[in-house]
Amino acid sequence: MTIKILHLYPKEMNLYGDHGNVLAIKRRCEWRNINVEVINYEPGDAIPKDIDIIFGGGGQDSGQSKIEEDLQRIGPKLKSMVEDGAPCLVICGIYQLFGKYYRTADGTKIVGANILDIVTNAGPERLIGNVIINSYGFGEIVGYENHSGLTSIGPNAKPFGEVASGAGNNGKDGTEGCHYKNCIGTYLHGPILPKNPKLTDFLIKKALERKSHTEIKLQKLDDEIEHKAHTSAASRPR
Amino acid sequence: MEKVSILIGKGVQKITHLRGGGGSALPGLVVERINPNFMKKILSKLPYGVVVISGTNGKTTTTKIVSELLQKQGLKVFTNNTGSNFVRGVISAILQSIKLNGKFDFDIAVLELDEAHAVKFTEVAPIDYALLLNVQRDQLDRFGEIDHTAELLQKVATATRKTVILNREDPRVSKIKAEHVEYFGLSNQLIKKFPSDDDLISKKQTKSSSQTAKVIFQDLKNNRATYIADTKNYTVNLKLKGAYNAFNVAGAIALCHCILPDVKIKKFFDHTANIESAFGRGESFTINGAEVELLLVKNPSAFQLSIASFADNDCDYMIAINDKIADGRDVSWLWNVNFSQLPKIKVVSGIRAYDMALRLKYDNISVDNIIEDLPTAIREFTSNGKKHKRIFATYTAMLEIRKIISGKSIL
């Protein structure tokens, strides 16, 4: 069995080492003798069949504007995959564009892929620094945020967690990220997965279960370094 | 007016010095306020003009190479080697070197300026030559600046009165336009060793461009570098460490030969052999009989080039990662570096030692010791074996290690 990871726009959306998330999924599969194939998706490409995990990272503004149109095109396909329970992790820029819209500082409304029930409005300042959240279902999560968009969650989705330290979705309501079915959207870089292996394993487990239609128990790995790096990151000031 | 400015500027310098402030920019600030044309007037008198060296990586070392090569030819070179690479810093450096009677006894200014300050500099003083090295992603907590940076360098090129020397292999630099352009480049065999910023992240490999280069860096075996200039081969045994410094040499020599076209280019190559690395850029120390090299890694592209240059199975390696402001608070950038060419790592250290160990784990590289405390880590790393040793360190970790080693507190 081979797990296929669709990496959305690796060239345009590549800031903050987010592709480390793909590496984390890949290695934790390989260490369990699960085959992995990573498909680097660039604008205009066709989406291959049998994708098991969807991933998209953060990018600079110029990268974001390059992919908006393409994301409109493939949005319905991605949405049907998420609705069908495909595990998915989207960070920062792609998280915002998975929502209903992003309203820029000059009032322009960029329509999103409408996969997550969130809306984002440009904020007055960048929210930057280390973040700790208490997630719903994955324990304490550490990461690093750097965004100016302020995101609010609608009634059809729940937050990924509550902020223990940092700004999160909007710096006001104490929420961070969004969790809908097996899709998680978040502002956390770091990259998020290596220091939060429980989340990585959730994506892998859900991918295997969706593929095999049976419940899967993943083989345990030695996560001592992961936990120490997590603790060390959590001890750093904002 | 100039004499009054000098007097006041030097006065401020003395006061800040007496008060124990490093304050290298304050005298510059004062003079800039009272006499905005001060720098322009002083620099315009230089017979060989003003050279600006800019780009993301390699400015300090390249400025050192160019300055020393021109000095060897008998030129009196003014340079801002205090690291004050912005306009006020340059004014302060001028104030330090100028005589009270206004005599500024130099032939040429060779200035290291970062991209934004280079543009500001062109607005207040003339530039005769510009050497533009590369446009690469800096620490990632700066936001989305890479295309903007290329635009800044274009402005510098436009303002340059004589010749602009460009890195042919960096796509954002090689497309810069100017009236007189010369290129320095890489041989085809070396191009894959020098990923451009796009190559680090895209599946599409950037190809070499077709412009003719004045100096081509051909090959590097151990420290023996070969170059091609005007169809002739030149070989140099470099003291400078690493392939990227050997590449900077190509840019430096192309520049020097534009400034002094009557000097045989071979002389520049010969003189390059004796040039040593700049502070923290491959400095070497001897500890317990073994050579220890200290290599600054400040962003993913610099780290990647350093690995390409220095991966060697016969060496012991240590990596020290801090996350203070000068290092970049966000350590995510470590995940944009591919470590798989490195052998096992003897020690990882620094405030974010566990992040580094984790990063190496996901490239399947084993780590012998994780020691957050730097003095303990250095003691462990240098305690045994005559093997050549290399330390990759972020900025504040480098400063700390330098202090530990030169303070000999552990020897």
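**A nine-stranded sheet in chain B and its surroundings**

In chain B, strand β8 (residues 224-229) and strand β9 (residues 232-237) run antiparallel and are joined by six bridges. The model in which this pairing appears is a predicted one. Within the pair, A225(B) stands opposite V236(B) in β9(B), and the hairpin of β8(B) and β9(B) leaves two residues between the strands, where D230(B) takes a positive phi near 50°.

This hairpin belongs to an open sheet of nine strands in chain B, whose order is β2-β3-β1-β4-β5-β6-β7-β8-β9 and whose pairing is mixed. The edges are taken by β2 (77-79) and β9 of chain B, each of which has a single partner strand, so that one side of each is left without a neighbour in the sheet. From one strand to the next, the twist averages 20°. At the edge formed by β2(B), three bridges join that strand to strand β3 (residues 108-112) of chain B, the two running parallel, and V77(B) has I108(B) in β3(B) as its bridge partner.

Helix α10 (residues 243-259) of chain B lies across β1 (50-54), β4 (127-132), β5 (160-167), β6 (181-186), β7 (215-221) and β8 of chain B, and runs at about 150° to β7(B).

Another packing arrangement in chain B involves two helices, α2 (residues 26-34) and α5 (residues 87-97), whose axes come within 7 Å and cross at roughly 100°. Because crossing angles of 65 to 115 degrees count as roughly perpendicular, α2(B) is described as roughly perpendicular to α5(B). In this contact P27(B), G28(B), L29(B), V31(B) and E32(B) of α2(B) meet R88(B), G89(B), I91(B), S92(B) and L95(B) of α5(B), and the residues of the contact divide into five nonpolar, three polar and two charged.

As for the domains, the assignment for chain B gives domain 1 as 48-75 + 106-272 and domain 2 as 281-406. Taken over C-alpha atoms, the centres of domain 1 of chain B and domain 2 of chain B are separated by 27 Å.

Turning to the contact between the chains, chain A contributes 31 residues and chain B contributes 23 residues. On the side of chain A that touches chain B, the elements giving two or more residues are α1 (19-30), α2 (61-83), β7 (118-135), β8 (140-153), α4 (192-195) and α6 (224-234) of chain A. Of these, α6(A) gives the most, with six residues. By class, this side of chain A has 12 nonpolar, 12 polar and seven charged residues.

Definitions and conventions
Residues numbered from 1 in each chain as written. Chains lettered and ligands numbered in written order. Predicted model: local features only at pLDDT ≥ 70, side-chain atom pairs only at ≥ 80, totals over all residues. Domains from an automatic or database assignment. Contact = placed C-beta atoms within 7 Å. Helix = DSSP H or I, 4+ residues; strand = E, 2+ residues; numbered from the N terminus. Nonpolar A, V, L, I, M, F, W, Y, C, P; charged D, E, K, R; others polar. Pairing = 2+ DSSP bridges. Axes fitted to C-alpha atoms, helices over the stretch in contact; angles between N-to-C directions. Parallel < 35°, antiparallel > 145°, perpendicular 65-115°, else oblique.
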